[in-house]
Amino acid sequence: MAKTVDECQVAIIGGGIIGCFIGYYLSARGMDVVVIEKADLCSGATGANDACLMAQSKKPGPKLDMAVESAHMFETLADELDYDIEYVRKGSMIIQETEEEAQAMREFCTAQKDAGLPVEFLDQRETHRAQPCLSDHIIGSTVCPLDGEVNPFALLVALDRAIRRYGGRIMTNAPVVGFEVAGNRVTEVATDRGNVRADVVVCAAGAYAPLIGNMLRIEIPIRPRRGQILITEPIAPLIGAYVMSAKAIAAKHRAVAVHENNSGKDDPMQFGLGMIISQTVNGNMVLGVTHEFVGYDAGTSIRGLGSIARYTSTIIPALKGVNVIRTLAGLRPFSEVGGPVIGPIGEYANFIVVTGHEGDGVAVAPSTAKGVADKIASGAWG
Amino acid sequence: MRVPDHPILGSAPAAEKVVIEVDGRKIEAIRGEPIAAALMANGILVNRYTAKRREPRGVFCGIGRCTDCMMIVNGIPNTRTCITAVEEGMVIQTQRGKGDVR
Amino acid sequence: MNRSVDVAIVGAGPAGICAAIETARRGARVLVIDENHTPGGQLFKQIHKFFGSARHRAGVRGIEIGRELVDSAVKAGAEFLTDSAALGVFPGPRLAVNVGNEEAIAVSAKRILLATGATENAVSFPGWTLPGVMGAGAAQTMLNVNRVLPGNRILMIGSGNVGLVVSYQLLQGGAAVLAVIEAAPRVGGYAVHANKIARAGVEILTSHVVTEARGVDRVTSAQVAKVDDRWTPIKGTEREFEVDAICIATGLNAMTELARMAGCRIVHLRELGGYTPWHDRRMCTSLPEIYVAGDAAGVEEASSAMEKGRIAGISILEDLGFIAPCDAQTERDDLWKSLEALRQGPFGNTVRRGYDRLFGDESRCSSCTSAHRGEDFMVGSAPRKAPGYPSDTRLAKGPVAVIECTQEIPCNPCESACARHAITVGDPITSLPRLDEDKCNGCGRCIAYCSGLAIITIDAAYSDTEALMGFPYEFLPCPNKGDEVSLVDRLGKPIARGRVMRVTKPMDGTRVVYAVAPKELIHDIRGIKWQAGGESQ
Amino acid sequence: MSDSKESCLVCRCEELTEDEIRQAIREGCTTLTAIKRRTRAGMGLCQGRTCQRLILAILAQETGQDVAELVPDTSRFPVRPIRAELVGDLRDGEDS
């Protein structure tokens, strides 16, 4: 029996945005938590994303509500965490390149407006006045002033410090290798650096959640989906609101199978699906993002990088002359059941799974994590 | 300071002189030599000032890796002058902080 | 326009070009990719004569070797893609290459050889970011390639061969090198290199570090202090140097970015510069399609890089079926013998230990002969007992060579230079050169051939009060017959006056200046110092 | 302008001092990548090519490990800056 090195009320597997937020909200309510991370904080999908907190891309329903609630929570988080998480609210802009997309967006955004989301329709002239660097061929856009951006690295540093302030512990470089169970309860999480005993175990391991689930013979309906991203040199402010293509929403809206497996043959960005351009507070442009099923391969590919660079340069021509200095790829937890996988799963009442947000993890993390923390603190879960 | 005669390399081969502009001042350079060499030959060692501390930087690695010799060349910021060849009429500016791309 | 070739070689330095020659010569379609405008890598900055044996082009200047290698690679049919940086390795294997900053293409190849060389280690001290503080390699490129002197009063940090050789080359460019600052208790590079700059007046301060560089828009002064054995500066030992440039030569480390990106296994070998792609004796990394050579496979000298490039080329030809395995093995064995010859002697200890650890035969940890490494070498010491130093009786008889080569370094050009076979190095080539003082007639031919400029001639029978001494001279301006010069000792201190009797035409850049000197000082005078206009420094 | 050894710059591009690196290590960063995420050291234009070795030495010193046990940063395309326009040229397939 491996040595028990720590004991707590809630052990959280996964040092990404979801795991750390759950750790924060639980420890803020006086619960004793240990976050267990196989590498470093932010080394998964959280550290490899476009840092955009987007409500405008969500259909009315629970996901949209959580995105809106999270947006409001982000407003006060910097003070609450007493750390500059580089949260800025410059809004989001979904651009339309064809009349068909414009039509789809009108229907999509009208439904959102009815659900209370502040969305504005901009015609071609208004769109170019708002963002002069946009290519002339763009015919219009929709803007949501509620959407913002955050620096995921800074956010995790803030959560790390907050959890420690409340007495919580963070175990990095501690890959989970197994569990101890008793009846229908998980009693200990076994890691390379010793076991952690806990009353409740939360699995916030993102795309790696299925591997954790297998250790308990639990099938977690998640698949890793790779998103490649290009980072440019820092430049003076070029855009305000970050820019996304309407193609993904238009395709989703027309119920075209958006999530078809495009990692095989064709160009992952052939339809500009999910093209997104944002600019960090430091000035780097973030150009994304592919959606590929390639298993746990977090490498980049010539096809992926080439297509992102091509499409983003057609949307903002000035990008052509900007130097790319880094590329990266994140494995996002793609849910096979259409929505996030949240709650106790399988025969163990105190094994709570929280994953499946794919690219929206950061955007909905605060409200999702608070909800989970409430359920655990109240004893409803666990 | 240029070295026209060298004990091992011999005298410098005939080279085409060109004129480039650095922060509004015309200087003479040799076509094809790195911009940083032309500037250094004219006693100009500061290529940029950093964004945070506003400190001067110049050639450090000399092989295009460290990016400390960056200047705005023909309007393009973040250009590494130790590996960019001089051409007639180039307009070069000391870069202050981050480059401004339009 | 994407390309597809048999062998893609990243890096047109000595290793890459030698691999290109081997592979192209036997019919493989070879593409050599290099981000610089001219192929040749470090060779085009290395204007010093190379060490090693005749087979390693010893005695020839790096810049010459570079031209020869590029010519033979082109003749062998290798295609060069210069001004093109290989920016990534992808499955295939494929390279993403930025061609001339005008187009990016994918180059797929059956085998990729990473010969990207090494990069300079940085050392940080307050003020190290000031303009004027730069890598020694940057200063060498600026001077030897662009003919621009980075400063007039220069401080060199690091006394390895790079620090010593670049200091000497900065002197040749006309700069004053005030001192070489070495944190370790003794000089890291070859004694012959240290002697060359010491007799030119450069102070070599061992157990010292630069504690701070000062200046506003450029470096204008440097504070140096003595250190204890844990390299901590000792209060009160500070010295100030007025300088306008500081060069950093504190070692090199292999460029491993592409190897790491490809997924090659990386090991940390301090003896070879730090992180190094794991590879076997065929120069193949942990991935069968990826090979490494040159400093990218462990930091050594350019001569070794050439041999490692050839070995990689042979192994790739074997993989692709251009040559039979047995032939490949015989050629490799021969190349390995040559490589081992270069790694003999105390200076080879560290490198040999590194490769023993790499190839996992720790047991065969080579006998670390520490003799002659540097313990008995003190800058300025007179090696009267060295096998190349003639006896007093022989000196009295007339002209004779004096070889002050005291370390077992892999080098033997003096042996082949002597028409009368009066100098023998023998096998291994790291043996000290022995002078047969009876065969030697002091003709002085070996002076210009010695890569370390460690040979002079003395004719102590020239007159009853004077001796005629012949010194190697590689500076401008050069004195003429009849000029009066200052005669300096091994530390560059003027100890006598002399008159130039004869100056030879330069042999590959090296002249011999013959001057008469007081006979009683023939064991101390080791160089001349001359300032145009007659008055010496 | 003279600052003591501790507060002298280690990452030239992002202007981070030795103090800031040591502070990040004391706050739990155990790898080069973790230090990069917390301090931005290595995120500049040279992508850590100059500071990586200096930071590894500090990390080894602070954690009492040998540098040989430490892991370098993940190496990613491009190893030199390249205009986005040129990255857009990159396609699969072979033409010649």
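In what order do the elements of chain B run from the N terminus on? They follow the pattern β-β-β-β-α-β-β-β-β-β-β, and the radius of gyration of chain B, 14 Å, is close to the 13 Å that the globule rule gives for 102 residues, so chain B is as compact as a globular protein of that length. The model is predicted, and the points below take up its chains, one helix and one strand of chain A, one loop residue of chain C and two contacts between chains.

**Chain B**

- The secondary structure of chain B consists of one helix and ten strands, and its C-alpha trace spans about 45 × 25 × 20 Å along the principal axes.
- Of the 102 residues in chain B, 47% count as buried, while 42% of the contacts between residues at least 6 apart in sequence join residues at least 24 apart.

**Chain D**

- Chain D has four helices and three strands, which follow the pattern β-β-α-α-α-β-α when read along the sequence.
- For 96 residues, a compact globule would have a radius of gyration near 12 Å, but the value for chain D is 17 Å; along its principal axes, the C-alpha trace of chain D spans about 55 × 35 × 20 Å.
- Buried residues account for 57% of the 96 residues of chain D, and 47% of its contacts between residues at least 6 apart in sequence join residues at least 24 apart.

**Chain A: overall form and confidence**

- Nine helices and 18 strands make up the secondary structure of chain A, whose C-alpha atoms fill a box of roughly 65 × 45 × 40 Å along the principal axes.
- The radius of gyration of chain A is 21 Å, which agrees with the value near 21 Å that a compact globule of 382 residues would have.
- Of the 382 residues in chain A, 57% are buried, and residues 24 or more positions apart account for 76% of the contacts with a separation of 6 or more.
- The mean pLDDT of chain A is 91, with 94% of its residues at 70 or more; among its elements, helix H7 (residues 247-253) of chain A has the lowest mean, 73, and strand E2 (residues 33-36) of chain A the highest, 98.
- Over residues 255-265 of chain A the pLDDT is below 50, although this stretch has 13 contacts in the model beyond near neighbours in sequence. Where pLDDT is low, the predicted coordinates should not be read in detail.

**Chain A: helix H8 and strand E13**

- Helix H8 (residues 302-315) of chain A has 14 residues, which at 1.5 Å a residue should span 20 Å, and this agrees with the 20 Å between its end C-alpha atoms.
- Because 13 of the 14 residues of H8(A) are buried, this helix is largely enclosed by the rest of the structure.
- From strand E13 (residues 242-245) of chain A, A:Tyr242 and A:Met244 point one way and A:Val243 and A:Ser245 the other way, and all are buried.
- E13(A) runs parallel to strand E4 (residues 92-96) of chain A, to which four bridges join it, and A:Ile95 stands opposite A:Ser245.
- E13(A) also runs antiparallel to strand E14 (residues 276-279) of chain A, with two bridges between them, and here A:Val243 stands opposite A:Ile277.

**Chain C: the loop residue C:Glu289**

- C:Glu289 lies in the loop of chain C between strand E18 (274-277) and strand E19 (290-292), and it counts as partly exposed because 17 C-beta neighbours lie inside 10 Å, where 20 or more would make it buried and 12 or fewer exposed.
- Not counting residues up to four places away in sequence, C:Glu289 touches C:Pro93, C:Lys110, C:Arg111 and C:Ile112.
- The C-alpha atoms of C:Glu289 and C:Leu113 are separated by 8.5 Å, with the two positions 176 residues apart along the chain.

**Contacts between chains**

- The contact between chains A and B takes ten residues from chain A and seven from chain B; the side of chain B that touches chain A divides into two nonpolar, two polar and three charged residues.
- The contact between chains C and D takes 32 residues from chain C and 29 from chain D, and strand E1 (9-11), helix H3 (52-63) and helix H4 (84-87) of chain D each supply at least two residues of the side of chain D that touches chain C.
- By class, that side of chain D has 14 nonpolar, six polar and nine charged residues.

How values were computed. Residues numbered from 1 in each chain as written. Chains lettered and ligands numbered in written order. Predicted model: local features only at pLDDT ≥ 70, side-chain atom pairs only at ≥ 80, totals over all residues. Contact = placed C-beta atoms within 7 Å. Nonpolar A, V, L, I, M, F, W, Y, C, P; charged D, E, K, R; others polar. Expected span 1.5 Å × (residues − 1). pLDDT = per-residue confidence, 0-100. Rg over C-alpha atoms; globule rule 2.2 N^0.38 Å. Pairing = 2+ DSSP bridges.
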